[in-house]
Protein chains: 2
Amino acid sequence: MLLVVGSVALDSVETPFGAREDALGGSATYFSAAASLLAPVQVVGVVGDDFPLAQLEFLRARGVHLDALERVPGRTFRWKGRYGYDLNSAQTLDTQLNVFEHFEPRLDARARRADRLFLGNIDPELQLRVLQQVERPRLVCADTMNYWISSKREQLMALLPRIDVLMVNDAEARQLAGEANVMKAAAAIERMGTRAVCIKRGEYGALLVSGSEAFFAPAYPLVNVVDPTGAGDSFAGGFLGLLDRTGASDLAALRQAVVMGCTIASFAVEAFSLDRLRDLTLAEVRSRFETFRKLTDYEALHASIT
Amino acid sequence: MLLVVGSVALDSVETPFGAREDALGGSATYFSAAASLLAPVQVVGVVGDDFPLAQLEFLRARGVHLDALERVPGRTFRWKGRYGYDLNSAQTLDTQLNVFEHFEPRLDARARRADRLFLGNIDPELQLRVLQQVERPRLVCADTMNYWISSKREQLMALLPRIDVLMVNDAEARQLAGEANVMKAAAAIERMGTRAVCIKRGEYGALLVSGSEAFFAPAYPLVNVVDPTGAGDSFAGGFLGLLDRTGASDLAALRQAVVMGCTIASFAVEAFSLDRLRDLTLAEVRSRFETFRKLTDYEALHASIT
């Protein structure tokens, strides 16, 4: 079983294609919507008493365990952001931690037995406290961001030796490693203790680096990108969902999981909020996964070219 | 035979890894250094009487025909640029057209019989005048830039229906099409008359779009990128060089050629100026071409994932 800790949030998002107010969002939400297509998921998180729980019913129907999602008095975590025509980066207009500010994750017996774990982009101290409660995790992935890299570096460095795959973007990898070249940055992060580094590049795809191995999957070339919010967490959901389903964790499995991550993320960005993930089927996912191959497939050189 | 028209220049370049003054550069130079590893090349261009012709000896030794490279009184085309740690985009500090300002390309009998043609990033009027002199080109590729897209739009629109592959970056594709989404932009450019659009993405690789087909090749993940100048022209050289060598022009051939373009471009950026291309061998190119496959290769989903 998969466990995710992260935000369940209300997002207000503007893109050139429209806007939404207080729509369903959050890293744990996107992650579990994506991963639950492939494997059972349990969510650890917190919402306020203003949160419209009915909006999570589709997750429950897909087998997501929400018992460890606490509901406490106060307002739900809120994020407000805007994207321009360059949909690759968001401008954060407002972040309200609200009930997340004093969140203290407590895992129940089921959550403690999780096989695979996604530590969404929250305070590395919280990530570590969740990880410590899981008895025997077989695979741990974590996301982080510039804010934690600068303000909680020590805690992050304590976390890294305990995780298998760190998921960051190019800028975060460079910042964490203090190294401009992305391949050198990935190698430096591996030396900090992770087994692999997955560099998420938005519309340019994702790069997985582990030791001397590099794997690259492009983003699916979409004609309609409406809202990139949650793409990274949907990627993580597809990635870990496939690994949990197959039970494999070698590099071949990680490669395949990167493509699954890109596949599900490509659906997530086709609509605002969770609108596309909500009704997404595994048959649609499988079909797009297969077309990915055509996107990077080419013939070997003829032997005459020496 | 391949024909290239473009600049043969003296570049002054600063990167975080060093600087060069008046080093060998220019689109035709990079293109022919790359392409000549695979096919015979002829250069059409102009240099001033200050140009150190001895620096082109390595091209001549590799079978590049330089008879149509005119030498006229005056100063050679000069470009001065700077790259920061984000090596993906240059800041142009100075451009001096010099002898290129009054360049009037005149093709000799051999050049007129070229099979494949690369119209380097020069005034679309000049590109068109070169193209009109080639008797029966089988494949024509052209590069262009923001300056021509805004100042010579009409001439560019006259050129597009006569070329097979337009090579531009994301921003140029968006600008030319007036469309933010890159896939829609590529489709719009195809409607302007080209058969395919190749979108060069620097460290993120290259995307080829033709009709409903899309192909993506990543950039080779390099630990040492020293100077990105000429990467795009080296890409074009590898691309057209392979197509000229194999004689094929179907989509499968274009895909393979994109990977060859990325392969040779990845060598070009490992050193300043033409320093890496100068001694590059086809065996090295072939070896790196083969390792590209591993970079994007992954296993199909097991049938149980439906």
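**Exercise 1.** Against which helices and strands of chain B do the buried residues of α7(B) pack?

*Solution.* The structure is a predicted model.

Step 1. Locate the helix: α7 of chain B covers residues 170–177.

Step 2. Identify its buried residues, taking a residue as buried if 20 or more other C-beta atoms lie within 10 Å of its own. In α7(B) these are B:D170, B:E172, B:A173, B:R174, B:L176 and B:A177.

Step 3. Find their surroundings. The buried residues of α7(B) pack against two helices, α5 (146–151) and α8 (182–191), and two strands, β11 (165–169) and β12 (196–200), of chain B.

Step 4. Draw the conclusion. Because six of the eight residues of α7(B) are buried, the helix is largely enclosed by the rest of the structure.

Step 5. Examine what follows the helix. Just after α7(B), B:G178 adopts a positive phi of about 65 degrees.

**Exercise 2.** Determine the strand order of the open four-stranded sheet in chain A, and explain which strands stand at its edges.

*Solution.*

Step 1. Read the order across the sheet: β3-β2-β7-β8 of chain A, with mixed pairing.

Step 2. Consider the ends of this order. β3 (18–25) and β8 (91–96) of chain A each have a single partner strand, so one side of each lacks a neighbour in the sheet.

Step 3. Describe the twist, which averages 15 degrees from one strand to the next.

Step 4. Inspect one pair in detail. Strand β7 (residues 78–82) of chain A pairs with β8(A) in the antiparallel sense, over five bridges. In this pairing, A:G81 has A:T92 of β8(A) as its bridge partner.

**Exercise 3.** Assess whether the radius of gyration of chain A agrees with that of a compact globule.

*Solution.*

Step 1. State the expectation: for 306 residues, a compact globule would have a radius of gyration near 19 Å.

Step 2. Compare. Chain A has 18 Å, which agrees.

Step 3. Add the extent and burial. The C-alpha atoms of chain A fill a box of roughly 70 × 40 × 35 Å along the principal axes, and buried residues make up 54% of the chain.

Step 4. Note the secondary structure of chain A, namely 12 helices and 14 strands.

**Exercise 4.** Establish how chain A is related to chain B.

*Solution.*

Step 1. Recall the principle: two copies of a chain are related by a rotation about an axis and a shift along it.

Step 2. Apply the values. A rotation of 180 degrees with 0.0 Å of shift along its axis superposes chain A on chain B, with an RMSD of 0.0 Å.

Step 3. Name the relation: it is that of a two-fold axis.

Step 4. Consider the contact surface. The same surface serves both copies, since 100% of the contact residues of chain A recur in chain B.

Methods
Residues numbered from 1 in each chain as written. Chains lettered and ligands numbered in written order. Predicted model: local features only at pLDDT ≥ 70, side-chain atom pairs only at ≥ 80, totals over all residues. Pairing = 2+ DSSP bridges. Axes fitted to C-alpha atoms, helices over the stretch in contact; angles between N-to-C directions. Least-squares fit on C-alpha atoms with pLDDT ≥ 70 in both. Contact = placed C-beta atoms within 7 Å. Rg over C-alpha atoms; globule rule 2.2 N^0.38 Å. Buried ≥ 20, exposed ≤ 12 C-beta atoms within 10 Å, placed from the backbone.
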